[in-house]
Each structure stands twice: as C-alpha cells, then as structure tokens.
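Here are a few pocket exercises to work through with the viewer open. Try each one before you read its solution.

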Amino acid sequence: MAKKSLVTGITGQDGSYLAELLLEKGCQVYGLIRRSSNEPTDRIQHLLDKIQLLDGDLTDQSSLDQAIQTSQPDEVYNLAAQSFVPTSWNQPVLTADVTGLGVVRLLESLRKYKPNAKFYQASSSEMFGKVKETPQKETTPFHPRSPYGVAKVYAHYITINYRESYDLFACSGICFNHESPRRGLEFVTRKITHTAAQIKLGKAKELSLGNLEAARDWGFAGDYVQAMWLMLQQEKPEDYVIATGKAHTVREVVEIAFDEIGLPWKKYVKNDKKLYRPAEVDYLLGDSTKAQQKLHWKPETSFEKLIRMMVKHDLKIVQQETTYPLPALKE
Ligand code: NAP
Ligand code: GDD
C-alpha cells in the first residue's frame, strides 16, 4: 500500500519540491493549505490533480486534529512557518505562534491521533545566529538573533522533547539557506536575480539592498528536500545539519547575477540602510558530515550554477510578464 505523507507548507518553495519528490517515490500526498483571498497554489499548480489538499492553519488546533485524522499519515513533514526573518521583528507574536507554537500543536495532534507517524521539523541555521563556532554542526550551541530564530529554537527543542517524552519518531533537519527559481521574491537571492532580470529587460532601473557583506551557506532547495525524505526513511529519529559547506556573501550573489545578464552591477545596486536588520547574522557555514555519512546525502548543485539558473528562469518570466489591468468598477 502507498505510504501516506502529509506536508504542511506545501504551497511554499520547499513544499512544492518535496511534494514532487514524494509523488516520484509513490506516496499518496496530502497538503495542508490555509484560507486565502487569492490563489496561493502557483507553485503546485502542476500537481493539483495528484495531491489532496486539506484546509488548516498551524494556529488552529482543531484544523490540525482534523488533518491528521483525515489523512492518517505515515509521515508528516512540517514545513509551514512564517519564514521571512525581517517580518519576525514586525510580527513577533504571530511568528512565535505559527513558527514556534504551531509545532507543538501539530505534535499534539500526532500524539493523540497518529503516534506511530514519522515527523520531520524544518529547523533552521538561523538558530545558530551569533555563531559559537565555525562551521556549525548538530552539537553547536544556539544563539538566535531574530524573533524568527527564537521561535525555531523552541520548535527544535519541542520536537526533541516529544521524541524523548512520548517516543515519537520526531526529528529535525537544521537546514542552511536553500534557494531556487521558486524562492519567494522577498528573500535576497531571488530579489537579486529577479530585479537583475527586470533591469536587463528595461523593467527596473536599480536594485536596493542592505548588508552586502552578510555571508550564507547557500544550496539548492531541490537537493535539500531529498535530505528531508531520507531522514524519515531511517530506523532511528535523529537531527541533521543540511548544508553545502561553502559560504558566500550577498555581494557574490550580485556579482554572478549581473555577470549572467552582462551588465556592471556597481551602476545599478544601491545601498539602503532601511534594509539592514536590527540584529544581523553575519556568517553561516554548515558542516553536514553527519548527513553525508549516515544518510549518504550530498548537495549536487553549486552556488554559481544555482544563481545562474535563477537568473535564467527570471529572464524568462519577466519577459512573459504582462500587467493585466483590474476590471473597472463600472464598465
Ligand atoms: P516558504 O516558501 O515561506 O513557505 C512557507 C509555507 O508555510 C507556505 O506554504 C505558507 O503558506 C505556509 N504557512 C505560513 N503560515 C502558515 C500558517 N499559519 N498555517 C499553515 N501554513 C502556513 O518557506 P520555505 O523556504 O519553503 O521553507 C520551508 C520551511 O523550512 C519553513 O519552516 C522555513 O522556516 C524552513 N527553513 C527554510 C530555509 C530556506 O532557506 N528556505 C532554511 C531553513 C529552514 P502560504 O503559501 O499560504 O503563505
Ligand atoms: N531579504 C533581504 N533583502 N536580505 C538582504 C537584503 C535585502 O534587500 N540585503 C541584504 N540582505 C541580507 C540579509 O541581511 C541577510 O543577512 C542575508 O541577506 C540573507 O537574507 P534572506 O535571503 O532574507 O535569508 P535569511 O538568511 O534571513 O533567512 C533564510 O534562511 C534561513 C536559514 O538560515 C530564510 O529562508 C529563513 O526562513 C531560513 O530559516
């Protein structure tokens, strides 16, 4: 019988790649989707006839109970979160509620209705924040620098606690930044590749950025969802760092993106102090030795290939973009 997998955050970047992978593996895929006044299914449009969507929200316990009871999943991947770090300073309570408490709500549903399901939590390298050692591994202490990072630390420890308290198969992937052509436009890599494409095609004049010297260990989301799946195929639940082991600055992303479009970046990139964060994470670099040894996972896509892939994709979509005027109040 096909394995049943429930993915929260299925409409997000990772959710869409993971849903594709799970279908390839022959799973019956359920996705949690929250109410929206607009169509939120752009990234999974091509999968809609192959998956089942269940209404729910991580802030609403009864909807999670219902989703678990309806899907009776063998595996649950919790990818849903308020995931944009700057928003977490403007909406710290909402971020704590969704990204932090949302996880204990989901674990409670599992404990009550499907305790033998395997559970994956999307932990984050933002938990390392002001780093205590470099590179960061599973045992590196946390020092989060944003309300988002703090919420993820709670989520991480409550996952461990449910594993230890109730013997649930619950584990976390501590994923470093991962990007793709499906990345939200507000995250820095996609902001750069999409605006560069707009500049190339005459649809934007400049690119405003904050801290160009921040460095991240950037990988490809398509590679990272493989690691998530592998973690739930193991005999024992354990936490793993997922990273490429190479760090690059925001400036390097800009250099590659503008090289791809053949324009000099210094002419177009403006520094905007408003885009700096109240507390910055300066340098993240992950050590994924454990995942490589135990899961036999390794990243396949290089940083440069990733950024060039994103620019190429953005050139195509910016080219096709047309603005449809809203219908008038009275025709
Ligand atoms: P994303 O594109 O922002 O997707 C977030 C998903 O969460 C969307 O499907 C969103 O739904 C859903 N969501 C938000 N609030 C919700 C709520 N209250 N109830 C139910 N669903 C809700 O994020 P991503 O990049 O795919 O990341 C996936 C997960 O990995 C997140 O937990 C993120 O924090 C974590 N993570 C990401 C990275 C990375 O570099 N990408 C690294 C480490 C950890 P809508 O479509 O309706 O907004
Ligand atoms: N978003 C953004 N916009 N970031 C900028 C900008 C800008 O205009 N200019 C400079 N940056 C810098 C930020 O200050 C940060 O140091 C870096 O670019 C990366 O920012 P984001 O792409 O927004 O990602 P993030 O590292 O804050 O968070 C992402 O990765 C985490 C894992 O470490 C998100 O995906 C989180 O959900 C994830 O947990």
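**Exercise 1: the shell of ligand 1**

E5 gives three residues to the shell around ligand 1, the largest share. Keep in mind that this is a predicted model.

Task: find which elements each supply at least two residues of the shell around ligand 1, and how the shell divides by class.

Solution. Start with the elements: helix H1 (13-24), strand E5 (118-124) and helix H5 (147-166) each supply at least two residues. Next, sort by class: you get nine nonpolar, nine polar and five charged residues.

**Exercise 2: polar contacts of ligand 1**

Task: take Gly9, Thr11 and Ser83, and work out which kind of atom lies by an oxygen atom of ligand 1.

Solution. Use a cut-off of 3.5 Å between N or O atoms. For Thr11, a polar side-chain atom sits 2.6 Å from a ligand 1 oxygen. Ser83 also brings a polar side-chain atom, at 2.6 Å from an oxygen of ligand 1. With Gly9 the atom is a backbone N or O, 3.3 Å from an oxygen of ligand 1. Finish with the area: ligand 1 alone exposes 900 Å², and the protein buries 88% of that.

**Exercise 3: over to ligand 2**

Task: say which atoms of ligand 2 pair with Arg183, Glu186 and Lys191.

Solution. Arg183 places a polar side-chain atom 2.8 Å from an oxygen of ligand 2. Lys191 does so too, its polar side-chain atom being 2.8 Å from a ligand 2 oxygen. For Glu186, a backbone N or O atom lies 3.0 Å from a ligand 2 nitrogen. As for cover, the protein takes up 95% of the 710 Å² of accessible area that ligand 2 has on its own.

How values were computed. Residues are numbered from 1 along each chain as its sequence is written. Chains are lettered from A and ligands numbered from 1 in the order in which they are written. This is a predicted model: local features need pLDDT of at least 70, side-chain atom pairs count only at pLDDT 80 or more; totals for chains, interfaces and linings use all residues. Side-chain values use heavy atoms; hydrogens and water are left out. A polar contact is a pair of N or O atoms within 3.5 Å; within protein, one must be able to donate a hydrogen and the other to accept it, and residues adjacent in sequence count only if both atoms are side-chain atoms. Accessible areas come from the Shrake-Rupley method with a 1.4 Å probe; for residues, only the protein chains shown count as cover. Helices (H or I, at least four residues) and strands (E, at least two) are DSSP runs, numbered from the N terminus. Ala, Val, Leu, Ile, Met, Phe, Trp, Tyr, Cys and Pro count as nonpolar, Asp, Glu, Lys and Arg as charged, and the others, Gly among them, as polar.
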